Amino acid sequence: GRFGFNGFHRDFSTVGIETLIDGPVTQDSFAGFGLEEFKFERLSLQLGARVENNRYDPVNPELLDRSFTGFSGAVGARFDLWKGGAFVANYSHGYRAPALEELYNNGAHDGTLLFEVGNPNLHPEISNGIDLSLRHQTGRVKAEANFYYYHFKDFVFLAPTDVIDQDSGFPFAFYLQDDSRFVGTELSLDVKVHKYFNVFTGLDYVSAELTNGQPLPRIPPLRGRIGLDFRYEGFSVKPELVMVDRQDKLFSGETPTAGYATFNILGTYTISRQHNAHIFTVNGFNLNNKLYYNHISFIKDISPEIGRGVRFSYTARFF
């Protein structure tokens, strides 16, 4: 197994006119964790645990000092079903202390174009979830189907409103928390059609809502992709089509986002040596120059995603 400790000390402050938090805040975090694995003939078990403490100490006496200590743990099992096939099941219990920004923000945020109002009385998030996975991998076929369900107690989220702050012109948004549930799936298939190229596909979907049935804000819609992967010696060319569905499951004040499709190509050439590798990459994205909006963006109603573009890069690796 593995055992360890980690922690950090953070001094946070903002200055100037657009101050999000009135006065500096220090944060101290410390955690201990452990991971153990047991392997049998056709079964593998993994156990993990983590205990973490987070302390917030604002200089401003009007802001509350907060301290959180909690336990996270998980247990997982992998069952070998047939040659190249396996079933994986995981259960996890999660603990997350509220972030500094969620507790103390109280100002106009130029990145989100919202007047964010934190809540110093937030409780920690507690989650319980299961992940189920069916996997198959042989020389020609790689396939994986995943399903997950998570229930959150006191899930923290930023809820926008229609009320406008007169000074900044931004709408107010409040950090709230309530019980919620997330259900989703991820599917992938990679088939080797020829020794020089593969066909790959993928699909992912998540439904996230409060336990009263109201959808949570900024949840991504159904997304799928299909593409080819051509490989010959050091060359690789990977064209793909990405398709995203319309999102009309909305939180209060949200607007629907239209679906879209974009075409991308990734090309690489690798020169390998005994102790180093040189990688030349050309990435062409949104080559059909589609005008589209990302539903998870805070500013999606006024700012579309980037249009047609090409990016060149060079990477050197030494080993």
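Here is a short tour of the fold, the nonpolar cores, a surface patch and two backbone oddities in this predicted model.

Numbering starts at 1 along each chain as its sequence is written, and side-chain values use heavy atoms, with hydrogens and water left out. Since we're dealing with a prediction, local features need pLDDT of at least 70 and side-chain atom pairs count only at pLDDT 80 or more, while totals for chains, interfaces and linings use all residues.

**Overall picture**

The chain has 1 helix and 16 strands (DSSP runs numbered from the N terminus: helices are H or I with at least four residues, strands are E with at least two). Its C-alpha trace spans about 65 × 50 × 45 Å along the principal axes. Of the 319 residues, 34% are buried (under 20% relative accessible area; exposed is over 50%, partly exposed in between, with a 1.4 Å probe and protein chains only). Take contacts (heavy atoms within 4.5 Å) between residues at least 6 apart in sequence: 56% of them join residues at least 24 apart.

**Cores**

The largest nonpolar core has 17 residues, and Ile21, Tyr56, Phe68, Leu100, Leu103 and Tyr104 touch the most other members. A core here is a set of buried Ala, Val, Leu, Ile, Met, Phe, Trp, Tyr and Cys residues joined through side-chain atoms within 4.5 Å. Helix 1 (100–104), strand 9 and strand 10 (171–194) each chip in at least two residues, with helix 1 giving the most, 3 residues. Leaving out residues up to four places away in sequence, Tyr56 touches Phe68, Leu100, Leu103 and Tyr104, and its partners also include Asp65, Arg66 and Pro98. A separate core of 13 residues includes Phe155, Phe157, Phe182 and Phe251.

**Nonpolar on the outside**

Phe38, Phe40, Leu47, Val75, Tyr91, Ile130, Leu132, Phe147 and Tyr149 make a nonpolar surface patch of about 760 Å². Patch members have over 30% relative accessible area and no salt bridge, and nonpolar side chains (Val, Leu, Ile, Met, Phe, Trp, Tyr) are joined within 5 Å; a salt bridge is a side-chain nitrogen of Lys or Arg within 4 Å of a carboxyl oxygen of Asp or Glu. Areas come from Shrake-Rupley with a 1.4 Å probe, and for residues only the protein chains shown count as cover. Strand 8 (125–137) and strand 9 (141–164) each supply at least two patch residues. Ile130 sits in strand 8 and is partly exposed, at 36% relative accessible area.

**Positive phi**

Two residues other than glycine have positive phi:

| Residue | Phi | Loop between | Relative accessible area |
|---|---|---|---|
| Arg218 | near 55° | strand 11 (197–210) and strand 12 (223–232) | 25%, partly exposed |
| Glu233 | about 50° | strand 12 and strand 13 (235–244) | 71%, exposed |

Key: Patch = residues over 30% accessible without salt bridge, like charges linked within 9 Å, V, L, I, M, F, W, Y side chains within 5 Å.
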